[in-house]
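Me: I should like to learn how features of a protein model are read, one at a time. Please take me through them with the structure in view.

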Amino acid sequence: MKYWNEEIETMPLEGMRKLQLENLKKTLEWVYGRIPLYKGKFDAVGFKPEDLKELEDLSKLPFTARTDLRDNYPFGLCAVPLAEVIRIHASSGTTGKPITGPYTQSDLDQWTECMARNLYAAGVRSNDICQNAYGMGLFTGGLGFHQGATRLGCAVIPISSGQTERQILVMQDFGVTVLLCTPTYALTIAERAEEMGVKIKDLPLRIGVFGAEPWTIAMRKEIEERMGINAMEAYGLTECGGPGMAFDCVAQNGLHVNEDQFIAEVIDPVTGEVLPLGEKGELVFTAIQRRAMPLIRYRTRDITTLRREECECGRTLIKMDKIYGRSDDMLIIGGVNVFPSQIESILLEVREIEPQYVIIVKKKGYLDQLHVDVEARQETYDAGPKKIAEVEKMVEGKIRGIIGIGMKIRLVPPKSITRSEGKAKRVIDERKM
Ligand code: ADP
Ligand code: ZN
């Protein structure tokens, strides 16, 4: 079989829109009658669930923001009695206080279905041996991938993240074929294996399904080459149930959204206006099959574009571009907006350095300045200060040429930047310290 769920994944647009409208209607009624926050929000704009006539009416409703979740922490947005809740996750808290995510049995089943589609599209099959190195626990990554891979019938190793040497031993000894973790942890594993003299390329490992943090196409290529695998992708957020909301396919040029479960919109983050397909903005999701916490027009703060196109994989599900970054991570330097991913793309083209970096934002007088610490490759470092200064200048020039602003590049000694075991912290904002 070509797809995990052929009917949904290849459904013609008209059918999908009809299905979405039905699910959306049900969901609006569900939240209006059960969650005071939503009753208040809908009433404030004079909208009743029965006013929904077509999908476009969704844009008449106000957004849900992260602050709404915080103000209703921990269970104020839960639409069912806790007796019907069978799992509670919480966000990893990359930024701020944890966000809770309750699930009913049907929510858990739908999530597993999404993860199964994601893994299947990545090429994972029942005879695969999956090393699940996403953090197990409150974070949705670990259990989400566990459920999906189990559903496919794979042999799943719930090793969780960390203890990198043991990861490599297990990978070798168990004949692992699929690695599940964040992209930066994959890089950490690749590097540690090289240090241990283990050639991952010679192992049976063939696929990685990476996600939970922004990573560039250049980073994907780097991982693919270093490990000799196909690096595939998963996207999702705790607020909407976790990974599996969107996934890439053989085309590797964007992620298909599980549209029967999530309606995606892209908005102008300043005006809140819905942008036409193809325009870059903030991604907004409405969860139309979740029952414990179905968020309406939730602002993800992730930046991307949406596209409807005929995909070579045959799926009709709408596609979103690889996430450029989070709006929280966007830096504004001298009036120019910069995402860490733009810097990453440039750094990864430079042979003399390792793909390990941190961006430091400093204040000089009234101006904000960017400093980038990036690791020198051993040969570059050994070549001495003259070579190092040369590479620093060259990288500064490349960045000025492409992004249009000056940044101070500093080559730091090999292995001096802390390695990631989960989500990497790329930006240190010294202005806030
Ligand atoms: P947080 O990191 O905010 O504590 P989550 O663990 O729920 O919470 O992470 C969700 C966020 O992770 C998304 O909103 C997005 O910014 C990021 N993310 C997840 N998957 C991807 C991906 N494939 N590409 C880029 N970013 C991703
Ligand atoms: Zn596709």
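Reply: The model is a predicted one, and the turns below take up a metal site, helix packing, burial and some backbone features.

Me: Which protein atoms are the donors of the zinc ion (ligand 2)?

Reply: The zinc ion (ligand 2) has as its protein donors C249 (SG), H256 (NE2), C311 (SG) and C313 (SG). These atoms lie 2.1 to 2.3 Å from the ion. Along the chain, the donors follow the spacing C-x6-H-x54-C-x1-C. Of these residues, C311 and C313 are both buried.

Me: What is the arrangement of the four donor atoms around the zinc ion (ligand 2)?

Reply: In general, ideal angles at a metal are 109.5 degrees for four tetrahedral donors. Here the four donor atoms subtend angles of 102 to 115 degrees, so the arrangement around the zinc ion (ligand 2) is tetrahedral.

Me: Let us turn to helix packing. At what angle do the axes of helix α7 and helix α8 cross?

Reply: Two packed helices are described by the angle between their axes and the distance between the axes. For α7 (residues 164–173) and α8 (residues 183–196), the axes cross at roughly 80 degrees and come within 9 Å. The two helices are therefore roughly perpendicular to each other. On the α7 side the contact is made by T164, E165, Q167, I168 and M171, and on the α8 side by Y185, T188, I189, R192, A193 and M196. By class, the residues of this contact are six nonpolar, three polar and two charged.

Me: How is the packing of α2 and α3 described in the same terms, and which residues make the contact?

Reply: Helix α2 (residues 13–34) packs on helix α3 (residues 36–44) at an angle of about 105 degrees, with the axes 5 Å apart. That angle makes α2 roughly perpendicular to α3. L28, V31, Y32 and R34 of α2 meet P36, Y38, K39, F42 and D43 of α3. The residues of this contact divide into six nonpolar, no polar and three charged.

Me: Burial can also be read for a whole helix. Which residues of α10 are buried?

Reply: The buried residues of α10 are P340, S341, I343, E344, I346 and L347. Because six of the eight residues of this helix (residues 340–347) are buried, α10 is largely enclosed by the rest of the structure. Its buried residues pack against α9 (217–227), β17 (336–338), β18 (353–364), β19 (367–376), α12 and β21 (427–429).

Me: Does I403 count as buried or exposed?

Reply: I403 has 12% relative accessibility and so counts as buried, the cut-off being under 20%. The residue is found in the loop between α12 (385–402) and β20 (408–412). Leaving aside neighbours within four places in sequence, I403 is in contact with V336, V338, Q342, I343 and I346.

Me: The backbone remains. Where is the cis peptide bond next to P74, and which residues have a positive phi although they are not glycine?

Reply: The peptide bond from Y73 to P74 is cis, with omega near 0 degrees. P74 has its place in the loop between α4 (66–71) and β1 (87–90). A212, which is not a glycine, has a positive phi of about 80 degrees. This alanine lies in the loop between β6 (207–211) and α9, and its 28% relative accessibility means that A212 counts as partly exposed. K415, also not a glycine, has a positive phi of about 65 degrees and is found in the loop between β20 and β21.

Technical notes:
Residues are numbered from 1 along each chain as its sequence is written. Chains are lettered from A and ligands numbered from 1 in the order in which they are written. This is a predicted model: local features need pLDDT of at least 70, side-chain atom pairs count only at pLDDT 80 or more; totals for chains, interfaces and linings use all residues. Side-chain values use heavy atoms; hydrogens and water are left out. Axes are lines fitted to C-alpha atoms, for helices over the stretch in contact, and angles run from 0 to 180 degrees between N-to-C directions. Helices (H or I, at least four residues) and strands (E, at least two) are DSSP runs, numbered from the N terminus. Angles under 35 degrees count as roughly parallel, over 145 as roughly antiparallel, 65 to 115 as roughly perpendicular and the rest as oblique. Contact means heavy atoms within 4.5 Å. Ala, Val, Leu, Ile, Met, Phe, Trp, Tyr, Cys and Pro count as nonpolar, Asp, Glu, Lys and Arg as charged, and the others, Gly among them, as polar. Donors are N, O and S atoms within 2.8 Å of the metal (3.2 Å for Na, K and Ca); water is not among the atoms, so sites may look incomplete. Four donors count as tetrahedral if all angles lie between 85 and 135 degrees; four count as square planar and six as octahedral if opposite donors are over 155 degrees apart and all others between 65 and 115; anything else is irregular. Buried means under 20% relative accessible area, exposed over 50%, partly exposed in between (1.4 Å probe, protein chains only).
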